[in-house]
Amino acid sequence: MFVVYDLEELLSASTQRGLEMDLFSRDQESAFELREPGSGRNIRLAWQMLDRLALEFTSPMWLLSAAIERLDAQEPLSSAGPLSDGDLSQ
């Protein structure tokens, strides 16, 4: 039995949702990274999670939806970073 999934379909589905996706090679720890342009929020998914699709016969779109849920739960990053000048005590 073979289970085949098309990473280009994940890329297309993320683009339709207004997200940017970078796909990584197998020698990287992450399979892909989703980014929300403008907010600075991102999430990476390990190859281990992507490999579960074949073992559990799970939809790749479910995995993408779960990643988007986690991305949406993140606080937007401010452009000033975690500390601004006013936050530093002398």
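This is a short group-meeting talk about the fold of one protein chain, as seen in a predicted model.

Okay, hi everyone. Remember as we go that this is a predicted model. Let's begin with the parts list. The protein chain has 90 residues, and its secondary structure comes to three helices and three strands. What order do the elements run in from the N terminus? Reading along the chain, you get α-β-β-β-α-α. That puts a helix at the start, then the three strands, then two more helices.

A few overall numbers before we zoom in. Buried residues are 26% of the chain. The accessible surface is about 6,500 Å², and carbon and sulfur atoms account for 51% of that. And if you take the contacts with a separation of 6 or more, 40% of them are between residues 24 or more positions apart.

Now, the sheet. As a bit of background, strands of a sheet pair through backbone hydrogen bonds, and they can do that parallel or antiparallel. Which one do we have here, parallel or antiparallel? The pairing is antiparallel, and the three strands make an open sheet in the order 1-2-3. Strand 1 and strand 3 are the edge strands, each of them pairing on one side only. From one strand to the next, the twist averages 15 degrees.

What packs on this sheet? Two helices to talk about. Helix 1, residues 7-16, touches strand 1 and strand 2, and its direction makes about 160 degrees with that of strand 1. Helix 3, residues 60-73, packs on the sheet as well, touching strand 1, strand 2 and strand 3. The direction of helix 3 makes about 140 degrees with that of strand 3.

Let's walk through the pairings. Strand 1 is residues 20-23, and four bridges join it to strand 2. If you want to find one of the pairs on your screen, look for leucine 23, which stands opposite phenylalanine 32 in strand 2. These two strands form a hairpin, with six residues between them.

On to the other side. Strand 3 is residues 42-46, and it pairs with strand 2 over five bridges. Here you can pick out a few facing pairs. Serine 30 is opposite alanine 46, glutamate 33 is opposite arginine 44, and leucine 34 has isoleucine 43 as its bridge partner. Strand 2 and strand 3 also make a hairpin, again with six residues between the strands, and in it glycine 38 takes a positive phi near 95 degrees.

How covered are these strands? Strand 2, residues 30-35, is mostly covered, with five of its six residues buried. Strand 3 has two faces: Ile43 and Leu45 are on the covered one, while Asn42, Arg44 and Ala46 are on the uncovered one.

Let's compare two single residues. Start with serine 14, which is found in helix 1. Is serine 14 buried or exposed? It counts as buried, because its relative accessibility is 0% and the cut-off for buried is under 20%. Leaving out residues up to four places away in sequence, serine 14 touches Leu19, Met21, Leu34 and Leu64.

The other one is glutamine 74, in the segment after helix 3. Glutamine 74 has a relative accessible area of 28%, so it is called partly exposed; that label covers values between 20% and 50%. What does glutamine 74 touch, not counting residues up to four places away in sequence? Arg41, Asn42 and Ile43. Take the pair with asparagine 42: the two are 32 residues apart in sequence, yet 8.5 Å apart in space, C-alpha to C-alpha.

Last stop, the inside. How many cavities of 30 Å³ or more does the structure hold? Just one, with about 40 Å³ of space in it. Its lining is Met49, Arg52, Leu53, Glu56, Thr58, Trp62 and Leu63. Helix 2, residues 47-56, and helix 3 are the elements that give two or more residues to that lining. Helix 2 gives the most, with four residues.

So, to recap: we have an open antiparallel sheet in the order 1-2-3, with helix 1 and helix 3 packing on it, and a cavity with helix 2 and helix 3 in its lining. Thanks, everyone!

Notes: Residues are numbered from 1 along each chain as its sequence is written. This is a predicted model: local features need pLDDT of at least 70, side-chain atom pairs count only at pLDDT 80 or more; totals for chains, interfaces and linings use all residues. Side-chain values use heavy atoms; hydrogens and water are left out. Buried means under 20% relative accessible area, exposed over 50%, partly exposed in between (1.4 Å probe, protein chains only). Contact means heavy atoms within 4.5 Å. Accessible areas come from the Shrake-Rupley method with a 1.4 Å probe; for residues, only the protein chains shown count as cover. Two strands pair if DSSP finds at least two bridges between them. Axes are lines fitted to C-alpha atoms, for helices over the stretch in contact, and angles run from 0 to 180 degrees between N-to-C directions. On a 1 Å grid over the protein atoms alone, a cavity is a set of points where a 1.4 Å probe fits but cannot get out, and a pocket is an open set with protein on both sides within 12 Å along at least five of seven lines; lining residues have an atom within 4 Å of a point. Grid points are joined across faces, edges and corners, and a volume is the space filled by probe spheres set on the points.
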